[in-house]
Amino acid sequence: MTVQPIRLLGDPVLRTPADPVVDFDKELRKLVKDLTDTLLDQGGAGLAAPQLGVGLRVFAFDVDDAVGHLINPELHFPDEEEQDGPEGCLSIPGIYVDTKRRMNVVANGFNEYGDPVRLIGTGMMARCCQHETDHLDGVLFLDRLDPQARKEAMRQIRASEWYNADAPPTVKVSPHASGLFR
Ligand SMILES: [Zn+2]
């Protein structure tokens, strides 16, 4: 059993930019397995290493029965098309808010053995790649919302059973936000 506890909003690790993976070793492959097992157990679309308390640029995904992982992802957007739809996060349980994302993404990175891989995603897969890569920069989907939607989401979060008033969440501006969103 390699299902691990997921860190929740308010945990500083979720606000800390993760480091690039340098060693593609056994330890890394254990991390990929933990991420994948925990994601499949929890039933989300993606899970990033900081959500397990590990500050490395790795995420796992499970979208439309495609299960995999990406290490040191670099996102490129082939066009300007956007999508808007409900988004959630395993670190912010029970909260779903319409979030604007790019519709198409090309994600370059590596697999657990250090081989270069390219993920071409549209729709949900593109949304997942953007959401998870944000995690690696310490950014959460709440940061992508307009002020009014964020305020409403925060109201719901404060009313949530898991919310810890001793560690209130902060909002951060995404380093990738410029030019993408109004
Ligand atoms: Zn998330």
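The questions and replies below go through the zinc site, the sheet, the helices and the cysteines of this structure.

Me: What kind of model is this, and how are residues numbered?
Reply: This is a predicted model, where local features need pLDDT of at least 70, side-chain atom pairs count only at pLDDT 80 or more, and totals for chains, interfaces and linings use all residues. Residues are numbered from 1 along each chain as its sequence is written, and side-chain values use heavy atoms, with hydrogens and water left out.

Me: What makes C89, H131 and H135 donors of the zinc ion?
Reply: A donor is an N, O or S atom within 2.8 Å of the metal (3.2 Å for Na, K and Ca). Here SG of C89 and NE2 of H131 and H135 coordinate the zinc ion at 2.0 to 2.3 Å. So they count as donors. Water is not among the atoms, so sites may look incomplete. In sequence the donor residues follow the spacing C-x41-H-x3-H.

Me: Why are H131 and H135 about one helical turn apart?
Reply: Both sit in helix 2 (residues 124–136), and they are separated by about one turn because they are 4 residues apart. Helices are DSSP runs of H or I with at least four residues; strands are runs of E with at least two; both are numbered from the N terminus. H131 and H135 are also buried.

Me: Why is T133 called buried?
Reply: Buried means under 20% relative accessible area, exposed means over 50%, and partly exposed lies in between (1.4 Å probe, protein chains only). T133 has 4%, so the residue is buried. T133 is in helix 2.

Me: What makes the link between T133 and C129 a polar contact?
Reply: A polar contact is a pair of N or O atoms within 3.5 Å; within protein, one must be able to donate a hydrogen and the other to accept it, and residues adjacent in sequence count only if both atoms are side-chain atoms. The side chain of T133 reaches the backbone oxygen of C129 at 2.7 Å. Contact in general means heavy atoms within 4.5 Å. Leaving out residues up to four places away in sequence, T133 touches R57, F59, P73 and L75.

Me: How do you know that strand 2 and strand 3 pair?
Reply: Two strands pair if DSSP finds at least two bridges between them. Strand 2 (residues 58–63) and strand 3 (residues 66–76) have 6 bridges and run antiparallel. F61 has G68 as its bridge partner in strand 3. Strand 3 also runs antiparallel to strand 6 (residues 104–110), with 4 bridges.

Me: Why are strand 1 and strand 7 at the edges?
Reply: The open sheet has 5 strands in the order 1-2-3-6-7, with antiparallel pairing. Strand 1 (46–48) and strand 7 (116–122) each have a single partner strand, so one side of each is left without a neighbour in the sheet.

Me: How does helix 1 lie on the strands?
Reply: Helix 1 (residues 26–42) lies across strand 1, strand 2 and strand 3, at about 35° to strand 2. Axes are lines fitted to C-alpha atoms, for helices over the stretch in contact, and angles run from 0 to 180 degrees between N-to-C directions.

Me: Why do C128 and C129 form no bond?
Reply: A disulfide is a pair of cysteine sulfur atoms within 2.5 Å. The closest cysteine sulfur to that of C128 is in C129, at 5.7 Å, so the two are too far apart for a bond. A search of the whole structure finds 0 disulfides.
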